[in-house]
Amino acid sequence: MIFSGEFLIFMLLALIAVMGGVLMINLTKVVHMVVALVFTFVSIAGIFVLLSAEFIAAVQILIYSGAVTIIMLFGIMLTRHNDESEPKTGRLRKILLFLGVLGFGVVFYIGVYNVDFPQAANTLHENNTEQIGIALYSKYIIPFELTSVILLVALIGAIVLAKRDDQEEADKE
Amino acid sequence: MMEGLLAAEASWLNFGIFFLLAVVLLFVVLGFVTYAILAERKVMGFMQLRYGPNQVGGRFGLLQTVADVLKLLIKEDTIPKLADRPLFILAPVIAFTPAFMVLAVIPFTDKFYFADIGVGLLYYIAISGLTTIGIVTGGWASNNKYALMGGMRAAAQMISYEIPLVMSVIGIILLTGSLNLNDIVEAQKNGWFIIWQPIAFIVFLIAAVAELNRVPFDLPEAESELVAGFHVEYSGFRWAFFMLAEYVYMFAMASLITVIFLGGWLPLPFLGFIPGAVWFALKFTVVIFILIWFRVTFPRIRADQLMEFGWKVLLPVALANIFLTAILKELLNIF
């Protein structure tokens with residue numbers, strides 16, 4: 001059971017996701033980091049597919065790999081696109097960091113191992129797009145609408161910021 | 001045939017069959033690309049009152065593209081000294097892979113499809129967004145200002161036109177109640193969606209041309225302003241991969257338009273004796289012809305006009321179409 005195809009695929013995807021994350025931290029060029037991040041996002045989408053959550057997988061790729069990454073690349077290129085981050089070194093810092101990572105790992109290993117998931121209804125994977133839609137628009141309609149208000153506020157904020165810049169430049173001229 | 005295979009238990013034999021079918025599809029698509037390029041040059045030639053390729057491979061230039069591709073493959077592979085080497089090599093791969101991946105969900109006929117997933121339409125749109133990353137990284141890795149500008153334009157354009165593209169199909173999803181492309185075709189039994197959703201069709205067609213980076217929306221590679229845009233520094237088979245990605249997307253997008261708006265493999269009334277594959281091929285060819293026709297007849301639009309048109313015209317029209325569809329569906333209850 002352990003070496004089933006699902007297990008192998010999961011290990012592969014998990015490996016790519018973790019490697020993407022590690023590369024993202026260790027690479028020096030900003031654009032390389034973003035590309036590493038894309039690999040993480042895509043393999044997480046693959047893990048969603050393994051869990052039969054196809055809608056979330058598609059949205060994960062659409063939003064994270066598609067939109068968020070492009071916006072990050074835009075941000076990088078509009079500022080200093082050849083920027084490199086300098087690795088900061090320091091022995092004490094490294095040791096403390098290693099201990100912190102180790103502690104984090106241990107705590108999460110124990111925590112995840114002791115979690116007892118109650119057996120939920122196992123029809124969630126059937127028509128999950130429809131189920132998500134029904135849940136969002138009937139049971140969770142108010143939080144959903146609140147999210148859209150927050151997004152609207154962010155949008156208007158961005159427009160206000162962009163507009164003000166324009167006017168100031170015009171005043172200077 | 002495919003239903004049985006898709007439902008069967010996963011095994012090495014099953015994997016082998018799918019792998020083989022995918023390889024066959026790859027070669028079919030490569031054949032399509034070869035002759036689509038020739039067809040494009042021929043149609044353009046006739047529309048501009050010239051002959052187009054007519055030397056290599058007989059009177060119709062049937063081997064012209066083959067010769068061109070052969071030339072590209074044996075060309076020297078140059079990588080600029082100051083380019084970002086790993087990304088420069090990776091970018092064409094990132095651009096091409098999603099182009100082939102999207103073909104998995106397209107149902108060609110009622111018996112021949114590769115995947116029957118519930119979110120087919122969303123899958124197509126999500127995966128096709130990945131190509132933009134390949135184009136932007138290619139433009140950036142070339143370390144060339146024209147390439148970078150082309151890449152940025154591509155990103156801005158693809159993000160802007162993806163939104164009307166998605167919004168225009170929401171009307172169809174409302175009518176069908178499914179994102180599955182097979183179900184969408186089945187729902188067109190009593191009238192193709194080009195009849196029920198004409199506004200959506202026009203918005204989708206315009207946004208699709210923009211997504212394909214074809215004239216009149218070919219700003220990322222506008223040769224008169226940016227030399228060649230994001231692939232200035234590419235040559236040989238790496239450049240061929242970018243071109244291949246573009247034409248495979250043309251194949252995929254034409255198939256998608258056929259499936260969503262033109263009823264896929266469904267026949268016209270009283271002509272049901274003609275097999276579904278023939279119908280699909282006919283509709284597909286018409287869409288390809290329209291795409292080539294656009295390229296010959298329209299001038300390229302300016303970057304600011306492009307953005308204004310996308311956000312101020314296409315998006316509101318697509319939103320109005322959703323609103324209208326919802327009202328009609330609720331009030332008239334015709335579906």
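Trainee: How many residues do chain B and chain A each give to the contact?

Mentor: Chain B supplies 22 residues and chain A supplies 21. The model is a predicted one.

Trainee: Which elements of chain B give two or more residues to the side that touches chain A?

Mentor: They are helix H5 (120–128), helix H6 (130–141) and helix H7 (145–176) of chain B. H6(B) gives the most, with 6 residues.

Trainee: What makes up the side of chain B that touches chain A, by residue class?

Mentor: That side has 18 nonpolar residues, 4 polar residues and no charged ones. Asp, Glu, Lys and Arg are what count as charged, so none of these four types occurs on that side of chain B.

Trainee: Why are H3(B) and H12(B) called oblique to each other?

Mentor: The axes of helix H3 (residues 64–73) of chain B and helix H12 (residues 236–261) of chain B cross at roughly 135°. Roughly perpendicular covers 65 to 115 degrees, and roughly antiparallel requires an angle over 145. The value falls in neither class, nor is it under 35 degrees, so the pair H3(B) and H12(B) is oblique. The two axes come within 7 Å.

Trainee: Which residues make the contact of H3(B) with H12(B)?

Mentor: H3(B) contributes B:Val69, B:Leu72 and B:Leu73, while H12(B) contributes B:Gly236, B:Phe237, B:Trp239 and B:Ala240. By class, 6 are nonpolar, 1 is polar and none is charged. Gly counts as polar, so B:Gly236 is the polar residue of this contact.

Trainee: What is the part of H12(B) in the largest nonpolar core?

Mentor: That core has 114 residues, and H12(B) provides the largest share, 16 residues. B:Ala252 and B:Ile257 have the most contacts inside the core.

Trainee: What makes B:Ala252 count as being in contact with B:Ala99?

Mentor: The criterion is that the C-beta atoms of two residues, placed from the backbone, lie within 7 Å. Leaving aside neighbours within four places in sequence, B:Ala252 is in contact with B:Ala99, B:Val102, B:Leu103 and B:Ile106.

Trainee: Which spans of chain B carry the annotation "transmembrane region"?

Mentor: The unreviewed UniProt entry assigns it to several spans, including residues 87–109 and 191–210 of chain B. Residues 87–109 of chain B are 65% helix and 0% strand, with end C-alpha atoms 39 Å apart. Residues 191–210 of chain B are 85% helix and 0% strand, and their end C-alpha atoms lie 27 Å apart.

Trainee: What is the pattern of chain A along the sequence?

Mentor: It reads α-α-α-α-α-α, in keeping with 6 helices and 0 strands in chain A. Buried residues form 14% of its 173 residues.

Technical notes: Residues are numbered from 1 along each chain as its sequence is written. Chains are lettered from A and ligands numbered from 1 in the order in which they are written. This is a predicted model: local features need pLDDT of at least 70, side-chain atom pairs count only at pLDDT 80 or more; totals for chains, interfaces and linings use all residues. Helices (H or I, at least four residues) and strands (E, at least two) are DSSP runs, numbered from the N terminus. A residue is buried if 20 or more other C-beta atoms lie within 10 Å of its own, exposed if 12 or fewer, and partly exposed in between; C-beta atoms are placed from the backbone. Axes are lines fitted to C-alpha atoms, for helices over the stretch in contact, and angles run from 0 to 180 degrees between N-to-C directions. UniProt positions are given in the numbering used here, feature names are shortened, and annotations may be inferred rather than shown by experiment. A nonpolar core is a set of buried Ala, Val, Leu, Ile, Met, Phe, Trp, Tyr and Cys residues joined through C-beta atoms within 7 Å.
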